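Me: Could you walk me through this structure? I'd like to start with a cavity and then move on to the nonpolar packing.

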Amino acid sequence: MFLVALSFAYFAKALSGSYMKSTITQLERRFDIPSYLIGVIDGSFEIGNLLVIAFVSYFGAKLHRPKIIGVGCVLMSIGTFIIALPHFITGRYEFETSVRRGENSTQNQAPCPVGSPADLTQKSHCFSGCEGESNLSMWIYVLLGNVLRGIGETPVQPLGISYIDDFATEENAALYVGCVQTISVVGPVFGYLLGSLCAKIYVDIGFVSMDSITITPADARWVGAWWLGYLIAGVITLLSAIPFWFLPRSLLKDPEKSTAEEKRKETPLLKNNYPEEDSSFIEMAKEFLPTLRTLLGHQVYLIYLCVTIIQLNSLIGMVTYKPKYIEQHFRQSASKANFLMGVINIPAVALGIFSGGLLMKKMKLNIMEAAKFAFGTSLIGYFLSLIFFAMSCDNAKVAGVTVSYNSMETISYDKHSVFTGCNSDCFCSASDWDPICGDNGITYVSPCLAGCTSSAGSGKNTVFSNCSCIGAAGNFTASTGQCHHTDDCDRMFPYFLALSVITSFIISLGGTPVKQILSCVILGENHLVVMYWDTAGIPAPIYFGAIIDTTCLKWGQKRCGGIGACRIYNTTAYRVAYLGLTLSLRTISFIICIPGFILLSHQLKKEERNGIHGALANRGAELEALRKDDFVISNLDHSQQTSDNIIDRETQL
């Protein structure tokens, strides 16, 4: 029953964690924030985890572990609900648009009245109603909820695994832990699939008429029903907490495990590492710092620590923004990007970890061979990842941003201008983002900047006409939304997916050998490993997001003024920044691995020599003991023979 409950808890936490990754672009657009702030929100989970992980792992085993795990699941659930709270306490989502329908008329107001500047009051609608809004940014609630979710997740893994290890037989413990880890891999699949489903649904579904919505899921302003997935994940997490309240503090121990436990406590060498049941909290706290000092004084472990943190920075930053990379670079919708992550990438990683475990068992690798195997798989994945640089897509053709208005030449991205002679008669805002697709295949930032003087229709079916910038005669029309000429990307995208699956599988092969090295080198201090994972997970999304922000070409405009979320990126710069940062971190980790291999080799040789000397010393002691035994036995035999001779003589006499 504990195994079932723990597996369900693992599934719930993995589902909500992966769903958070799948909603980063939705949150970015909904709260009009840049990518680096999304990185802060994403890293806040590790902040919450880091606050309590050491204490929970070190002291939690002395308390009622199932109930502590249950409390953690409840906290995770509350944190998940808090993340969804801003949707219910703020107004409806209002995306940027310059299309305004006139009162009691099927005709829309003219985007660009020819010959006279637009009325300034027409633009004042952007700022109406701002006086009554709270100064507190709503994304703060998402951050606080994610911190609480991280605090609640803390006891699930260390206390759950230790409970299994304490009360299961040795042959069953590994099987039980394997079952739990398998279920935890299934969670992200459902998390990304849930993210894909919710991204298709409009954020205010049921409260607005979809006929009036002029954007589609492929639009840079589209926001899906991000809050719905958090409600579902919160309910699942809350249900996972129920069984733990009915489980006992301890179970009947297996006789063999109890005997081994008693022998372990009787062994002087292990006495300090395993405090007795009646040890006080203060005594345990005193032992914590010396244990940490000893661990950090281990040279091999320090190098392993540096390599792991750098590799985790690369991995976490890459995974966090991979759906966004697929969206921006290959012009896919958020729904499709999340779906592909769930059904292709995550299963490839799971299969790689499982296959790595099978290879470890079949090849019977020692610690040095395991280190070389993990390094080799990571290096192969590194060289394959270099091919991603060649898988490029051209920038979208946006007049005044990526191409000139005559579409004859590209323009400088840092000196682009959306104003030109064809829209000089219109009073337009350069900060608006309401793209339309002209008949010439060029996207224009807004109908006003395209020089359109009239429009008809409503919603997605709005058609703009008499656009002076689209055709020489000004009689060309345009439709809402960006132009989607993705022939080059459509051809490249399947190769990108195939290579992504292959690299994910190969790199994941080294996951199990790394765990073996971990268990051999750091002497079982697993809670410290989680601390270092958290340490890597906090900064990586932030500086990855900050570097991605530098590639933005057109920022959105907040309803009440100020820069919002990015609407279009420089595709080439985005690819170089995202892939370059990922591979640069991995390059540094490979360089640090070289002294690590040297030290590990020296350590293993030293232990081997010590083992040989110890064996020889033991054999010498055994031989000396045998000689003494032979001497005693020979003396006894001699005295026995003398005694027998005397008895025989007496008998003869």
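Me: Which helices each supply at least two residues of the lining of the second largest cavity?
Reply: This is a predicted model, where local features need pLDDT of at least 70, side-chain atom pairs count only at pLDDT 80 or more, and totals for chains, interfaces and linings use all residues. Residues are numbered from 1 along each chain as its sequence is written, and side-chain values use heavy atoms, without hydrogens or water. On a 1 Å grid over the protein atoms alone, a cavity is a set of points where a 1.4 Å probe fits but cannot get out, and lining residues have an atom within 4 Å of a point. With helices taken as DSSP runs (H or I, at least four residues), the two are helix 2 (24–30) and helix 13 (299–330).

Me: Which residues line the second largest cavity?
Reply: By class, the lining has one nonpolar, two polar and three charged residues; Cys counts as nonpolar, Glu, Lys and Arg as charged. Helix 2 gives the most, three residues. The lining is T25, E28, R29, K324, Q328 and C566.

Me: Where does the largest nonpolar core lie, and why?
Reply: Such a core is a set of buried Ala, Val, Leu, Ile, Met, Phe, Trp, Tyr and Cys residues joined through side-chain atoms within 4.5 Å, buried being under 20% relative accessible area with a 1.4 Å probe, protein chains only. Among its 60 residues, L27, F31, Y202, W226, Y230 and F496 touch the most other members. Because domain 1 (1–113 + 136–250) and domain 2 (284–393 + 489–536 + 571–603) both give residues to it, this core lies between domain 1 and domain 2.

Note on methods
Buried means under 20% relative accessible area, exposed over 50%, partly exposed in between (1.4 Å probe, protein chains only). Domain bounds come from an automatic or database domain assignment. On a 1 Å grid over the protein atoms alone, a cavity is a set of points where a 1.4 Å probe fits but cannot get out, and a pocket is an open set with protein on both sides within 12 Å along at least five of seven lines; lining residues have an atom within 4 Å of a point.
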